[in-house]
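Good morning, colleagues. I would like to take you through one structure, moving from its surface to its interior. Please have the sequence and the model in view.

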Amino acid sequence: MMLSMKKHIPNLITLGNLFCGTIATIFAVQSEFKSAALFVVLGIVLDFFDGFAARLLKVSGELGKQLDSLADMVTSGVVPGIIMYNLLDNSSFAIPSLKYFGLLLILGACYRLAKFNIDTRQSDSFIGLPTPAMSLFIISLPLIQEYTTFEFIQHLISNYYFLIAITLLLTYLMNAELPLFSLKFKNYNFKNNVMKYFFLIASLILLLTLKYIAIPLVILLYVALSMISNYGKKTTV
């Protein structure tokens, strides 16, 4: 009986992620970006803990894997796509019919999650930008636009061509054959985790100093450090 109940705990956490994503979707449609961002972050936190709980309780299974991707599809796929749609709809020099271009993020996230489920290479690292990272990047944009005092950044985020470029870049990065390091620690030895520790410390400094502006910078730093790490491995081979 206890084992039967225990195996459902990670899946309940995953459903919590889906619940948060559903609420975030409602807020995103209503252009309530701050509330949408809050529930996306809560969903991503639950997304981390469902895997942690599954490993801790030793109840990992195929159902949990599929359920996890379905929940991520809403929280880290549908929500950022709707937010980008709204940003394009309100942007300067907008071509009305092309606001649907923002929904390309949803298609890219769906394809990335489907590939992840059948790709055995991504147990300890990632191939392509994880959908939660893309989602965090997108949900930060309207918050930066609202709270930053830098007019240049405000104008940049309201620029139609900039938003199209971001949509294309993130859609590509999600599905690129680009190895990215995972933040899972097999051990906490500094020498074996220099890149991870540097990333975490740099991210903390950026977040404390730049607040919302730091979020897309942290995502770009993650990609850049992964590329540097990959180059270093190739040169040592």
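**From surface patch to nonpolar core**

Let us begin with valine 45, which is found in helix H3, residues 33-57. Please bear in mind that this is a predicted model.

Is valine 45 buried or exposed, or does it fall in between? Its relative accessible area is 38%, and the range for partly exposed runs from 20% to 50%, so valine 45 is classed as partly exposed. Valine 45 belongs to a nonpolar surface patch together with Val41, Phe48, Phe49, Phe52 and Leu56. The accessible area of these residues together is about 560 Å².

I turn now to the charged side chains. The count of salt bridges comes to one. In it, the side chains of lysine 99 and aspartate 89 meet at 3.5 Å, N to O. Aspartate 89 belongs to helix H4 (62-89), while lysine 99 sits 10 residues away in the loop between helix H4 and helix H5 (104-118). How do the two partners compare in burial? Lysine 99 has a relative accessibility of 17% and therefore counts as buried, whereas aspartate 89, at 37%, counts as partly exposed.

Finally, the interior. The largest nonpolar core has 48 residues. Which of them touch the most other members? They are Ile83, Met84, Leu129, Met134, Ile138, Leu141 and Leu170. Helix H6, residues 131-147, supplies the largest share of this core, with eight residues. Leaving aside residues up to four places away in sequence, isoleucine 83 touches Ala28, Phe33, Ile138, Ile139 and Pro142.

Thank you for your attention.

Definitions and conventions:
Residues are numbered from 1 along each chain as its sequence is written. This is a predicted model: local features need pLDDT of at least 70, side-chain atom pairs count only at pLDDT 80 or more; totals for chains, interfaces and linings use all residues. Side-chain values use heavy atoms; hydrogens and water are left out. A nonpolar core is a set of buried Ala, Val, Leu, Ile, Met, Phe, Trp, Tyr and Cys residues joined through side-chain atoms within 4.5 Å. Buried means under 20% relative accessible area, exposed over 50%, partly exposed in between (1.4 Å probe, protein chains only). Helices (H or I, at least four residues) and strands (E, at least two) are DSSP runs, numbered from the N terminus. Contact means heavy atoms within 4.5 Å. A salt bridge is a side-chain nitrogen of Lys or Arg within 4 Å of a carboxyl oxygen of Asp or Glu. Patches are made of residues with over 30% relative accessible area and no salt bridge: like charges are joined within 9 Å, nonpolar side chains (Val, Leu, Ile, Met, Phe, Trp, Tyr) within 5 Å. Accessible areas come from the Shrake-Rupley method with a 1.4 Å probe; for residues, only the protein chains shown count as cover.
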